[in-house]
Amino acid sequence: MSIHVHVRVGVEWVNDFHNDSCEQNDLSYCDDQVVGFFNHMGDHGHVKVFNWGNDNAWETDFRHPTFGGDSLNWSDDVHFCMVNDHGGNNSNVVSFSFSKAHTACSVSSTKMRLGQKNLKWLAALGCDAVLNTDASHIVAVWGGPMRGVHIVCGYIGTAADSWWTSDLGEDFADDICDGDTIAGAWVSDAYSFWTGDDSIAIAAGVSQNDAINRRDHETLDWRDINVASTNWLAWKYRT
Amino acid sequence: MADIKINTKLTGPKGKPASIYRLVTPRVNEKSIRELAKQLGIQADSQSGVLKSDTDKLTFSVGHLELTMHRASGAVRFIDRARWQIDDRQSELKIGDEEASRLAQTVAQKYKLAPARETKFLKAARLHVAEATREGKEASDRIIDVAVALQRLVEKIPVDGPGGKVIVYLNAEREMTGFQRIWRDLDGVHRPGASYRPPQSAVEDMAAHFAKKRAVIEVQEIRFGYFEEGPRTRQRYLQPAYVIIGMLSAPEGGSRKRTIYVAPALTNNTGRITPPLEVKRPQRRRPEPEAE
């Protein structure tokens with residue numbers, strides 16, 4: 001099945017951190033995964049909007065203007081945003097780390113309002129999108145930040161920075177552009193017996209039925225079928 | 001330079017060094033995929049089905065049945081799209097690892113995916129579907145499928161890596177809905193193993209690999225086995241390897257990420273396994289937004 005709409009795509013990644021207040025362990029393959037996604041989405045006719053790496057990736061791109069950020073011009077000005085760097089999760093708050101303070105070294109999910117403009121799908125490839133699969137934890141982490149975004153994809157606990165998963169973005173792009181469901185393709189492609197990556201995809205909906213439908217059936221063709229209000233979350237995961 | 005800390009015991013393999021094997025060049029063409037389809041009970045004469053070809057793979061579909069062969073590896077994936085990972089909103093699969101393993105072995109034997117004596121149970125990974133209100137009320141969680149990985153054995157040594165596996169998917173009715181086989185056939189001994197490198201030298205390889213990275217890597221586990229690549233990679237030899245699992249850990253419980261490095265285990269190996277890190281051109285500096 002082919003896809004009938006074009007989506008706007010943006011990606012951000014960080015491999016190299018500075019030896020300053022933003023210091024983190026350097027990574028090696030974050031760019032391979034998300035730039036592979038970016039380029040393959042482009043190969044399938046979708047619109048490549050931004051690819052910001054290392055010092056060009058800024059936390060303000062994810063922080064909502066209510067909190068002084070610029071998300072509506074970047075992460076929320078595309079339909080599909082993929083980000084890969086160090087992730088963290090403390091007290092049900094996810095954070096993405098950046099190499100340069102612009103203006104902070106990280107952004108927390110309490111300062112995100114995902115989907116208030118154009119964002120439909122977010123894939124966060126850093127660690128700890130969720131720490132476990134307890135419903136109370138999952139809704140506590142993502143129930144607040146999901147404000148119109150349809151589906152968030154990520155990992156349960158840590159993820160691998162590995163040459164052997166560097167094709168993930170390409171595979172995922174190819175699958176969803178061939179018409180596979182977004183949640184199904186992510187959970188299937190990102191799970192790895194070999195690296196130990198456990199994948200999860202979380203869909204929002206105005207009702208239980210809406211959230212389940214999106215989890216089970218949403219493809220890129222659902223771009224303009226908006227989530228008016230996040231009242232339910234439905235997720236799938238392999239572990 | 002990466003700072004490597006060892007949090008595990010470094011113990012090398014015992015006994016006579018394992019051999020290095022040549023691998024058969026996979027035969028991936030219309031004839032081979034139709035033959036395989038017939039073996040699976042799919043109607044696959046020259047008039048039936050839809051054949052799609054791209055640079056990576058060949059895909060043969062009949063109705064909702066889809067068979068894919070990867071050109072680089074000969075890896076096979078079969079999916080029944082009407083049933084694979086599909087939820088009917090009520091079924092629940094309650095199955096223990098032992099039963100899942102037994103059923104997966106039955107599938108592997110029925111379709112001649114792998115000889116039973118050359119596999120062992122690796123892991124059963126369950127697919128869950130769950131939902132709750134935004135406040136966490138009315139929560140439910142069901143298992144709708146289990147993926148059972150059978151790990152390949154060569155000379156009774158486990159085959160590690162993204163390959164060397166048969167993965168069987170079972171639905172709530174305990175029926176096979178798909179499988180993946182990443183299993184390159186052996187073409188005889190390329191060279192007998194001379195002696196094993198100590199695992200410490202594999203850790204030194206890892207340190208050299210990450211020499212230009214600033215990181216603290218805690219080595220948590222070193223596994224020994226043959227190493228088989230994934231579906232997209234051409235591989236000529238199957239050689240023994242050390243698989244080093246590390247954790248990039250920030251102090252005081254900060255961000256973490258796992259890292260993996262694979263090094264050859266024999267002194268007379270056929271070359272490095274983890275490719276060197278690419279030197280990439282930095283992006284042009286992003287312009288600052290204009291002040292309002």
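Start in chain B and select strands 12, 2 and 14: they form an open sheet of three strands in the order 12-2-14, with antiparallel pairing. Strands here are DSSP runs (E, at least two residues) and helices are runs of H or I with at least four, numbered from the N terminus; two strands pair if DSSP finds at least two bridges between them. The edges are strand 12 (186-191) and strand 14 (237-238) of chain B, each pairing on one side only.

Before moving on, note that this is a predicted model, where local features need pLDDT of at least 70, side-chain atom pairs count only at pLDDT 80 or more, and totals for chains, interfaces and linings use all residues. Residues are numbered from 1 along each chain as its sequence is written, while chains are lettered from A and ligands numbered from 1 in the order in which they are written.

Next, zoom in on strand 2 (residues 20-23) of chain B, which runs antiparallel to strand 12 of chain B and is joined to that strand by three bridges. Pick I20(B): its bridge partner in strand 12 of chain B is R191(B).

Now show both chains. The contact (C-beta atoms, placed from the backbone, within 7 Å) takes 50 residues from chain A and 44 residues from chain B. On the side of chain A that touches chain B, strand 11 of chain A gives the largest share, seven residues.

Finally, select strand 11 (232-238) of chain A with strand 7 (residues 119-133) of chain B: the two pair in the antiparallel sense over seven bridges. Here W232(A) stands opposite T133(B).

Terms used. Two residues are in contact if their C-beta atoms, placed from the backbone, lie within 7 Å.
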